[in-house]
Every structure is written in C-alpha cells, then in structure tokens.
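Please look through the sequence and the model below before reading on. The paragraphs that follow go from the chain as a whole to single residues.

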Amino acid sequence: MSVTARDFGIVCGTMPTGPRNAITDVPGVRVGHHTLRAGDINTGVTAIVPHGGNMYRRKVLAAADVINGFGKSAGLVQVDELGTLETPILLSNTFAVGTCANALIREAIAQNPDIGRQTATVNPVVGECNDGPLNDIQAMAVTEEHARLALANASEEMAQGSVGAGTGMSCFGFKGGIGTSSRRIVLDGSDFHLGVLVLSNFGRAGDLVLPDGRRPNPKTTQDAEKGSVIIVLATDIPMEHRQLQRVSRRCGAGLARLGAFWGHGSGDITIGFSTGVVFDHDEPADFVQIRALNEGRIDELFRAAAEATQEAVLNSLCAAEAMAGRGRQKRRSLADWLRQSER
C-alpha cells in the first residue's frame, strides 16, 4: 500500500472519501502503470480507463479545462468541441506524447477496423509533464509497447508515487508523481463518487502549504515555477458538458490551496469525464435523452473537486520516495520531511 497524507494525520476538507480514496472509486474506472527505471532513465506511462467496454463505440462525456497552457497534450481540442472521450487517457513525459497517441490509435483500430475507412478517425487523449531533471528525456525511452503494458495493467487497485508517468516527476522541490483521492456525494438518496488522479510536477520549492499551515521546504535551489500538473477527474454523476467543464475548473482551487500560482512555464490542465453519460457511436436516433445534474446541487461537486485535487497532490508527494536521478540530481520525499517534523 502506498503511504498517503492521511497516514500523517493530514486531511483535506470535510467531505467523506470513497472506500479506496481513489479515482477507481468511480465504478468501472481502472488505472494501470508501466515504470521504466534504468540508469538515467526514470519515466513511464500511466493509463486511466473509464470503462471496460469498447470506448470508441461507447464514448463517455468529457471536458477539459486549461488552467495554464504551457503544455503539449494531445486530443483536448476535440474533447472541448464534441464533449466526448473515445479512448483511455494516457499520461507520460513530454517527448512521449506522439508515441502514446500512436499506441491508443492502434488499440482503437484493433477493436474497430472501420476507423478511418468506413467511419470517422479516432481522437487519442494524452497528457504530459516534463520529467527532464530526473529523467534523460532526450533518450525518448517510452515505446508503444510500454503504453500497451500500462493499459493491460489497468485495475481498480493502483499504486501512487514514483510509478508509471510519475517516476521522474518533481513537485514543490520534493519528489512528485502519481496521486489520487476521491469524495462520496449523496444525490437523490444514492451514493455517487468524484475521483481525481494527478501527475504532479509543479510548484516552487518552499511554496507548499499543508492544510494545517506548515510550509515544508526541501532546501533545494529551484529558480522558478516551471513544472506542470495533469489532473484527471472522473465521476459517475450525470451532467451536461458545460457542467462537467465547470466542475473540472474547480480542480484549480485545490492547487491554489497548496500554494501554487500557475507560473508562466507551467502546463496545468484538467481532463474530466463522466461515466454517467455515454454516447453510442452508431446511434440511429435523431434525438437522444441526456440526464443532467440539477445546477442548484453543483456546489457539492465544486467542493469535491477542490478537496480531492488537494489531497491527490499531497498523496503523490507522500507516496514518492526520495530519488537520485539523471546526473545524480536529488529530490527529497515529503514523507521523510513529515517524519522528521514529528520528532
């Protein structure tokens, strides 16, 4: 089990979590990693799979929110235009975006041989952060096979910290990586979940603020805030595309609570999807019915997005162990700092 913020008594907000306190509390959602660790190579791929069916044929509602656009992600333009997600989401390093996109395209064609011939092309969605300080990013070590392995490893139980895409990431001067958290929301007497997964690679050293007001400082020389964070938000709550985009935007509030200000060189992006609204690629009807949230209840989702994002980032920091990467550059673990502060 990964070490989490709650293991140190750190709780973000007041809302209840799901049973795993993870994005996989949303029914059907699975996460997989493939990690590369060899010499100066410290990188990998993380896959977020919204459901176990054919995603091209059964697309889910999706939206994206660009907090600061210093990023090289793929697929966000069509997500915003059409409001659907038709592949799993892959996360990796900046120079692996094209490779991961190709892997998603090949997987979709294998399931749907009519893609690009009898029917439309496919929109692969890939998010990235620059792991260059700890990883030899110029080696371009990630292959399509690594992306396929991450997809094949997807399950409800997921590791956090320096795994998959998070292997070489840094956050607030500490070792960053993959983190997750969830919140449970009761609507019309039924339990729903909103979960967040982050790839944390942002924040100036010394700017991190814990919920209790402490300011951990790894005492590193980091000049500017020029990292990135990719946030993947998942829920089973039915919504309109506009509502989902509004909820996705509130993930930025969770980053701000931590002390982030979304610097000039930071690529901060949220990709949100709801499994509560599914679109049939081969829909024969002229009109379809969409179930949507009562807008008067949306504040609960706003709060959930902010709380889960804040906690997911802290979980990524607590789960990530100290690392010496490319050129012996080092990053401390927040968990080690917290243990020392308790003495």
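How much area does the chain expose, and what share of it do carbon and sulfur atoms supply? The exposed area is about 13900 Å², and 48% of it comes from carbon and sulfur atoms. This is a predicted model, and the values below are computed from it.

The chain is built from 7 helices and 14 strands. Its radius of gyration is 19 Å, close to the 20 Å that the globule rule gives for 343 residues, so the chain is as compact as a globular protein of that length. Along the principal axes, the C-alpha atoms fill a box of roughly 65 × 45 × 35 Å. Of the 343 residues, 58% count as buried. Contacts that span a long stretch of sequence can be put into a figure as well: among contacts with a separation of 6 or more, 79% are between residues 24 or more positions apart.

Charge comes next. The chain carries 34 positive and 37 negative charges, and the mean positions of the two sets are 6 Å apart. The structure holds 20 salt bridges. Three of these pairs are described here, starting with the pair of glutamate 311 and arginine 6.

In the salt bridge between glutamate 311 and arginine 6, the closest N and O atoms are 2.6 Å apart. Glutamate 311 belongs to helix α6, residues 298–319, while arginine 6 sits in the segment before β1 (30–38); the pair therefore ties together parts that are 305 residues apart in sequence. The two partners can also be set side by side by accessibility. Glutamate 311 has 0% relative accessibility and counts as buried, whereas arginine 6, at 32%, is partly exposed.

Where do the partners of the next pair, arginine 148 and glutamate 144, lie? Both are in helix α3 (residues 144–152), and because they are 4 residues apart there, about one helical turn separates them. The closest N and O atoms of this salt bridge are 3.7 Å apart. Arginine 148 is partly exposed at 27% relative accessibility. Glutamate 144, at 18%, counts as buried, since the cut-off for that class is under 20%.

The third pair consists of glutamate 295 and arginine 242, with 2.9 Å between the closest N and O atoms. Arginine 242 is in helix α4 (residues 241–249) and glutamate 295 in the loop between β12 (267–280) and α6, so this salt bridge ties together parts that are 53 residues apart in sequence. Glutamate 295 has a relative accessible area of 29% and is partly exposed; arginine 242 is also partly exposed, with 43%. Salt bridges may also share partners: Arg6, Arg183, Glu307 and Glu311 are joined in this way into one network.

Turning to the backbone, two residues other than glycine have a positive phi to look at. For phenylalanine 172, phi is near 55 degrees. Phenylalanine 172 is in the loop between β7 (170–171) and β8 (174–175), and at 0% relative accessibility this residue is buried. For aspartate 188, which is not a glycine either, phi is about 50 degrees. Aspartate 188 is in the loop between β9 (177–187) and β10 (190–201). Is aspartate 188 buried or exposed? Its relative accessibility is 78%, and aspartate 188 counts as exposed.

The last stop is histidine 34, in strand β1. Histidine 34 has a relative accessible area of 19% and is buried. Which residues does histidine 34 touch, leaving aside those up to four places away in sequence? They are Thr43, Gly44, Val45, His146, Leu149, Ala150 and Gly164. By contrast with these contacts, alanine 308 is 24 Å from histidine 34, C-alpha to C-alpha, and 274 residues from it in sequence.

One of the residues touched by histidine 34 is leucine 149, which lies in helix α3. Leucine 149 is partly exposed, its relative accessible area being 29%. The C-alpha atoms of leucine 149 and alanine 47 are 9.2 Å apart, although 102 residues separate the two in sequence.

Note on methods. Residues are numbered from 1 along each chain as its sequence is written. This is a predicted model: local features need pLDDT of at least 70, side-chain atom pairs count only at pLDDT 80 or more; totals for chains, interfaces and linings use all residues. Side-chain values use heavy atoms; hydrogens and water are left out. The radius of gyration is taken over C-alpha atoms; the globule rule is 2.2 Å times the number of residues to the power 0.38. Buried means under 20% relative accessible area, exposed over 50%, partly exposed in between (1.4 Å probe, protein chains only). Contact means heavy atoms within 4.5 Å. Accessible areas come from the Shrake-Rupley method with a 1.4 Å probe; for residues, only the protein chains shown count as cover. Lys and Arg count as positive and Asp and Glu as negative; His and the chain ends are not counted. The place of a charge is taken as NZ of Lys, CZ of Arg, CG of Asp or CD of Glu. A salt bridge is a side-chain nitrogen of Lys or Arg within 4 Å of a carboxyl oxygen of Asp or Glu.
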